[in-house]
Amino acid sequence: MSNSENQPSSGLDRILTLELARVSERAAVSAARLRGHGDEMAADQAAVDAMRRELNRLPIDGTVVIGEGERDEAPMLYIGENVGTKQGPKVDIALDPLEGTTICAKNLPNSLAVIALAPAGDLLNAPDSYMDKIAIGPGYPENLIDIDAPVADNIAAVAKEKGVNVHEVTACVLDRPRHARLIEDIRATGAAIRLIGDGDVAGVIHTTDPDETGIDIYAGIGGAPEGVLAAAALRCIGGQMQTRLVITREEQVERAHRMGIEDIKKKYTLEEMAGPDVLFAATGVTDGNFLQGVRFGREHITTHTVVMRSSTGTVRYIKAQSTDLEKFHLD
């Protein structure tokens with residue numbers, strides 16, 4: 001066993017890595033029962049119920065810092081909610097029980113159940129606002145991309161380091177009216193664009209394996225909570241990311257200040273969003289580029305999960321087949 005495999009100073013036990021996979025698996029299965037039914041709220045609630053139940057079985061003293069919303073907006077897994085048995089390390093938790101609710105409701109690709117866990121204070125406590133993001137995968141020189149640079153410069157830098165023409169670079173962007181100018185600027189470079197309707201956690205993660213996903217760079221404005229979850233994943237897999245909150249209303253400013261964010265225009269690095277010992281798990285709800293969706297057989301349920309730990313650089317893909325179907329039903 002290497003020294004990095006055992007992290008006594010962080011208080012995180014290695015067993016939590018696999019336990020976290022069980023949490024995302026249960027949420028994914030509950031949501032998958034409702035995929036394609038057109039009911040976003042029901043699918044999300046099913047995932048929330050399952051994830052909360054499993055979290056409360058973990059030997060942790062956990063606080064939700066990225067969740068379903070503030071307490072007055074979300075009855076469960078709200079920001080500030082305490083979860084776990086309280087018989088373990090104090091940890092921060094970022095979660096999205098159903099990343100891509102619309103995707104799941106329409107049974108489209110890349111809907112996930114996502115969760116990240118880190119020692120208390122090691123995940124950015126971001127408000128539920130928009131966040132501008134740019135990200136690339138591992139294998140590039142440090143500081144290759146800059147959120148303040150023109151997107152053409154960032155794409156050219158990626159192309160140069162890959163040793164390819166700009167026309168061979170693909171950028172992933174959320175398909176939103178607010179991105180009209182960004183899309184125009186990317187296309188002006190000659191680069192290709194992969195537009196996605198939802199699920200920007202998956203969009204960022206796709207940059208880590210461009211040979212498989214075809215995506216080299218992620219850019220644009222999405223949710224701040226999703227930005228923290230994506231940063232947790234990149235901390236484990238490797239890559240670069242820069243972000244900045246997009247806050248336009250006074251109540252958002254006040255909310256950010258309540259969460260301890262003084263400079264709302266601050267440019268965040270990957271390391272500032274997620275600490276050095278992060279656990280991350282995601283389970284496919286619908287089929288996607290890097291995870292298969294839940295499969296319901298007559299006598300078994302199959303799930304496909306990725307689980308990672310940043311301090312060890314370990315990334316595990318787990319394809320689990322369960323014949324005990326009762327464990328996936330709420331008590």
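**Exercise 1.** In this predicted model, determine in which sense strand β6 (residues 170-174) and strand β8 (residues 217-223) pair, and over how many bridges.

*Solution.* Begin with the two strands themselves: β6 and β8 run parallel to one another, and their pairing extends over two bridges. Then look at a single residue within this pairing, Cys172, whose bridge partner in β8 is Tyr218.

**Exercise 2.** Place these strands in their sheet, and find which strands form its edges.

*Solution.* The sheet is open and has six strands, which follow the order β7-β6-β8-β5-β9-β10 with mixed pairing. At the edges stand β7 (192-196) and β10 (268-269), each of which pairs on one side only. Next come the helices: α5 (residues 180-189) packs on the sheet and touches β6, β7 and β8, while its direction makes about 150° with that of β7. Helix α8 (residues 224-237), in turn, lies across β5 (130-136), β8 and β9 (240-246), and it runs at about 25° to β5.

**Exercise 3.** Identify the ring over which the charged end of Lys266 sits, and state the distance from the ring centre.

*Solution.* The ring belongs to Tyr268, and the charged end of Lys266 sits over it at 5.5 Å from its centre, a value that falls within the 6 Å required for a charge to count as sitting over a ring. If one searches instead for aromatic pairs, taking ring centres within 6.5 Å, the count comes to zero.

**Exercise 4.** Assess the pLDDT of the chain, and then that of residues 1-10.

*Solution.* For the chain, the mean pLDDT is 92, and 94% of its residues reach 70 or more. Over residues 1-10, however, the pLDDT is below 50, although this stretch has 14 contacts in the model beyond near neighbours in sequence.

Definitions and conventions
Residues numbered from 1 in each chain as written. Predicted model: local features only at pLDDT ≥ 70, side-chain atom pairs only at ≥ 80, totals over all residues. Heavy atoms only, no water. Pairing = 2+ DSSP bridges. Helix = DSSP H or I, 4+ residues; strand = E, 2+ residues; numbered from the N terminus. Contact = heavy atoms within 4.5 Å. Axes fitted to C-alpha atoms, helices over the stretch in contact; angles between N-to-C directions. pLDDT = per-residue confidence, 0-100. Phe/Tyr/Trp six-rings, centres within 6.5 Å; stacked < 30°, edge-to-face > 60°. Lys NZ or Arg CZ within 6 Å of the ring centre and 35° of its normal.
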